Amino acid sequence: MSEAADDKSKDFLKGHEFRQADLPKTQELNPLGLILGQGTPALEVVVYRSKGKPPSDSLRKVWKQRWGGRGVSFVVVALYDDVCSVCGHTERSRQPAAIWHDLPIEHVERLCDTALRLPDHHAVDRFLRDHLPESDSTIFGIHNRGLLATYLLQRGKDDVEKSAWELAAKQSSGLRHLKERNLLKSLGFAIESLSGPASILTVGDSRTALAVFLDQNEAAELPSQRFGSQTPISYALQLAQAHNLDWVIVNRGSELRLYPTRTDVGVGRRGLTDTYLSIDMELLTDDRLPFVWLAFSADALKKDGHLSELREKSERYAKGIGERLRDRIYISVIPQLAKSIVKARDLKKPSAEDLDLTYQMAMLVLF
């Protein structure tokens, strides 16, 4: 492990108390300590230092020995070079733990820090299930479900006007640790409560979006008695449409989700409940933080605001992808398939009828 990497291992989760327990170890894995989360049973994060990329068998061995069949949420992190490996589960079924190698240390540190502060194992399991498999994402902390072009989110400041990006970075800089109503107020909204578990977000005299605030034990896509046994997002979309609002914002802790209320919005052309952009403030890396302001603020949601520009660029990009794909299919793929079919059918002098049938066969094979 390099000196710089060793410094990173010393700083890893330094805001938490490391307990010295009797932890399993191998020739490759040297334990640094154990951190316990909230609630009972508490999440356990065991941190190791490794001389290099640890073998998967070694990670599973120490994970299994420490777990011992107990009903706990449990994650092993092995730090090496400038990256790390993680061994853990994404469900409480306690199936053999999954392993991820060469993950950015910053991503895993943010993930563990957030999970350790969640109130109970239900919230921890849901959080790990949703975010652990995405720890190597270049847009970690952002989950795009067909609302925008993911490529646009990956390019970040390279695809946004410089002045708009700099302003968004300035406006977003103080939002990192805000939650719920304080977060939305800092994004420029006033909150008008409705009867029932929903509010309307206003800007001046204009009603902009409908908001619902979820408890940590609630999920947007799971039925809840508080929402009339509907899923919170179905409840919110119906209410937003009744109030002629174009957007729904769902907030749970540090997570924001933005849903359109019209089916013609979004490059993915999914159903309403499955088209959204999600940002988790505590997971988001600094270089993607401006997207909070560009996608979720009062300035973003107004007509011709930042989000409108991101949507237009996403539509152009998606259209360009479709056109390039069509050209490749009809210029490159279909002729090659047709030639192979002619050869397979041993057509020496194909007639017009033979060629027509060959084209139909090529299209059938393609699709």
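Two strands count as paired if DSSP finds at least two bridges between them. With that in hand, take strand 8, residues 199-203, and strand 9, residues 206-214: they pair in the antiparallel sense over five bridges. One residue facing across is Ile200, which stands opposite Leu210 in strand 9. What you see here is a predicted model.

Let me step back to the whole chain. It has 367 residues, and 48% of them count as buried. Its secondary structure comes to twelve helices and twelve strands. The C-alpha atoms fill a box of roughly 80 × 60 × 45 Å along the principal axes. About 18400 Å² of the chain is exposed, and carbon and sulfur atoms supply 48% of that area. Take the contacts between residues at least 6 apart in sequence: 57% of them join residues at least 24 apart.

Now the sheet that holds strands 8 and 9. Seven strands form this open sheet, in the order 6-12-11-10-9-8-7, with mixed pairing. Which strands stand at the edges? Strand 6 (142-145) and strand 7 (190-193) do. Each has a single partner strand, so one side of each is left without a neighbour in the sheet. From one strand to the next, the twist averages 25 degrees. Helix 8, residues 232-242, packs on this sheet and touches strand 9, strand 10 (247-252) and strand 11 (255-260). The direction of helix 8 makes about 145 degrees with that of strand 10.

Strand 10 deserves a longer look. Strand 9 pairs with strand 10 in the parallel sense over six bridges, whereas strand 9 pairs with strand 8 in the antiparallel sense. Leu210, which we met opposite Ile200, also stands opposite Val248 in strand 10. In a regular strand the side chains alternate between the two faces of the sheet. In strand 10, Trp247, Ile249 and Asn251 are on one side, and Val248, Val250 and Arg252 are on the other. Are these two faces covered or open? Both are covered, and the residues just named are all buried. That is six of the six residues of strand 10.

On to the other sheet. It is open too, with five strands in the order 1-2-3-4-5 and mixed pairing. Its edge strands are strand 1 (29-36) and strand 5 (98-104), each of which pairs on one side only. Neighbouring strands are turned by 20 degrees against each other on average, ignoring direction. Inside this sheet, strand 2 (residues 44-50) and strand 3 (residues 74-80) run parallel and are joined by six bridges. Val45 stands opposite Val75 in strand 3. Helix 2, residues 56-67, packs on the sheet and touches strand 1, strand 2, strand 3, strand 4 (83-88) and strand 5. Its direction makes about 140 degrees with that of strand 3.

Two single residues to finish. Lys313 is found in helix 11, residues 306-344. Why does Lys313 count as buried? Its relative accessible area is 19%, and buried means under 20%. Beyond its neighbours within four places in sequence, Lys313 is in contact with Leu152, Asp159, Val160 and Glu161.

Phe367 is in the segment after helix 12 (352-366). Phe367 counts as exposed because its relative accessibility is 70%, and the cut-off for exposed is over 50%. Together with Tyr330 and Tyr359, Phe367 makes a nonpolar surface patch of about 380 Å².

Notes. Residues numbered from 1 in each chain as written. Heavy atoms only, no water. Patch = residues over 30% accessible without salt bridge, like charges linked within 9 Å, V, L, I, M, F, W, Y side chains within 5 Å. Areas by Shrake-Rupley, 256 points an atom, 1.4 Å probe, with all protein chains shown as cover. Salt bridge = Lys/Arg side-chain N within 4 Å of Asp/Glu carboxyl O. Helix = DSSP H or I, 4+ residues; strand = E, 2+ residues; numbered from the N terminus. Buried < 20%, exposed > 50% of the residue type's maximum accessible area, 1.4 Å probe, protein only. Axes fitted to C-alpha atoms, helices over the stretch in contact; angles between N-to-C directions. Contact = heavy atoms within 4.5 Å.
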